[in-house]
Amino acid sequence: MRYEKINSGLFIRNREKLKKKVKSNSLVIVNSNDELPRTGDQTFSFRQNSDLFYLTGLEQEKCILCLCPAHPKESLREIVFSIKPDETMEGWLGHKFTKEEIIAISGIKTVKWLDEFDKIVRELIIYSEYIYLNINENIGYSPIVPSREVRFTKQIIENFPCHKYERLAPLLKELRLIKEPEEVGLIKTACKITENAFLRVLHSVKPGIREFELEAEIIHEFLKNGCNGGAYMPIVASGANTCSVHYCRNDGTCREGDLLLLDLGAEYANYAADCSRTIPVNGKFSKRQSECYNAVLKIFKKAKTMLVPGTTIEKINKSIGYLFENELVRL
């Protein structure tokens, strides 16, 4: 891993919080993300399932977590299944976790290789009454290709149709809303790296520079500070490109008199920052650009005062909508 080691106590506490939310006599199963093929012998950069990382800290593919808190055998209450490293595989793909490394990272004492999974999970399932399965329930998530979790869910239900199945996603979503101190620290680190990347762009932008040159400055800052990259594809949009909400080709030319929209966020240890800023390419706003910028700044400052315990995103969005309307009419 590129980032500073995270104490396993974080992941131990996260698992304990989850155990308190599941029904008695339950089994929880969480899979790692798939490796996605890119070419004949390459995959796209691997990004771990956020829920599995939240519960284990493991960044490796082909890992499965099983939690069976009420099992009479203590050794079967928490298990990580992982790929077994061998010299041939590591000669091609590099180091894979040993059992000792998995224990140190996750705080889980029982580690098994994947070839033992079918036998052991059968015992866990037969013992349990409820099975919690994890599917990405994000409103905007609708993949064309079924994920590992979707395929696994269909397989388990087909093999064990008489069990009672529960959704894990709502429980984890509720838990992950409130951050532990270590998580707050990781987010602050991601924010600081993002700030440095933004300052790097400020020192580099000028008429004639290409958007991807500024993107390179951003990615440089992310990588040199231990990030795998950005939390999302950075938007570096100048001129008319700023009018496309999710423009990320970043292949235009920054011209005299243009505004430059930046949307960037570092991802450090799987925790994200998110920063949106608009600056003048030549270093000075025109009168009209300044009026628009200050209108947005006014709304931003007001919005920050609304971020208090007990409110909701819906309430804030409604209030901000009125402010936007007033500023647009004024402009």
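Start with the whole chain in cartoon view: the protein has 11 helices and 12 strands. The model is a predicted one. Along the principal axes, its C-alpha atoms fill a box of roughly 70 × 50 × 35 Å. Of the 331 residues, 40% count as buried. Taking contacts between residues at least 6 apart in sequence, 68% join residues at least 24 apart.

**Stop 1: aromatic pairs**

Show the aromatic side chains; the structure holds five aromatic pairs. Select Tyr3 and Tyr268. The ring centres of Tyr3 and Tyr268 are 6.0 Å apart and the planes stand at 65°, so this pair is edge-to-face. Tyr3 sits in the segment before helix 1 (9-19) and Tyr268 in strand 10 (residues 266-268), so the viewer should be set to show both ends of a link that spans 265 residues. Both tyrosines, Tyr3 and Tyr268, are buried.

Next, select Phe11 and Phe53. Their ring centres lie 5.7 Å apart with the planes at 75°, and the pair is therefore edge-to-face. This pair also links distant parts of the chain: Phe11 belongs to helix 1 and Phe53 to helix 2 (residues 50-56), 42 residues apart. Are these two rings buried or exposed? Phe11 has 2% relative accessibility and counts as buried. Phe53, also at 2%, counts as buried because the cut-off is under 20%.

Then select Phe81, Phe117 and Phe152, which form one aromatic cluster.

**Stop 2: the nonpolar cores**

Select Leu18 and Leu260. In the largest nonpolar core, which has 52 residues, Leu18 and Leu260 touch the most other members. Colour helix 8 (residues 181-204) as well: the largest share of this core, six residues, comes from that helix. Now centre on Leu18 and show its surroundings. Leaving out residues up to four places away in sequence, Leu18 touches Val28, Leu55, Leu67, Leu168, Leu171, Leu172 and Leu175.

For the second core, select Ile79, Phe117, Leu133 and Phe160. These four are among the 18 residues of a second, separate core. Phe117 was also selected at the previous stop, as a member of the aromatic cluster with Phe81 and Phe152. In soluble globular proteins, nonpolar side chains tend to be buried together.

**Stop 3: the second largest pocket**

Switch to a surface view and go to the second largest pocket, which has a volume of about 1100 Å³. Which residues lie nearest its centre? Of the 28 lining residues, these are Ser276, Thr278, Val296, Leu297 and Phe300. To see the surrounding elements, colour strand 9 (259-264), strand 12 (275-280), helix 10 (287-306) and helix 11 (313-330), each of which gives two or more residues to the lining. Helix 10 gives the most, with 11 residues.

Stay with Phe300 and add Arg277. Arg277 lies over the face of the Phe300 ring, at 6.0 Å from the ring centre.

**Stop 4: Ile320**

Finish in helix 11, where Ile320 is found. Ile320 has a relative accessible area of 12% and is buried. Select Ile299 next and draw a distance between the C-alpha atoms: Ile320 and Ile299 are 21 residues apart along the chain, with those atoms separated by 7.2 Å. Add Ala303 and Met306 to complete the view. Ile320 touches Ile299, Ala303 and Met306, not counting residues up to four places away in sequence.

Key:
Residues numbered from 1 in each chain as written. Predicted model: local features only at pLDDT ≥ 70, side-chain atom pairs only at ≥ 80, totals over all residues. Heavy atoms only, no water. Phe/Tyr/Trp six-rings, centres within 6.5 Å; stacked < 30°, edge-to-face > 60°. Helix = DSSP H or I, 4+ residues; strand = E, 2+ residues; numbered from the N terminus. Buried < 20%, exposed > 50% of the residue type's maximum accessible area, 1.4 Å probe, protein only. Lys NZ or Arg CZ within 6 Å of the ring centre and 35° of its normal. Core = buried A, V, L, I, M, F, W, Y, C linked by side-chain atoms within 4.5 Å. Contact = heavy atoms within 4.5 Å. 1 Å grid on protein atoms, 1.4 Å probe; cavity = no way out; pocket = protein on both sides within 12 Å on 5 of 7 lines; lining within 4 Å. Points joined across faces, edges and corners; volume = space filled by probe spheres on them.
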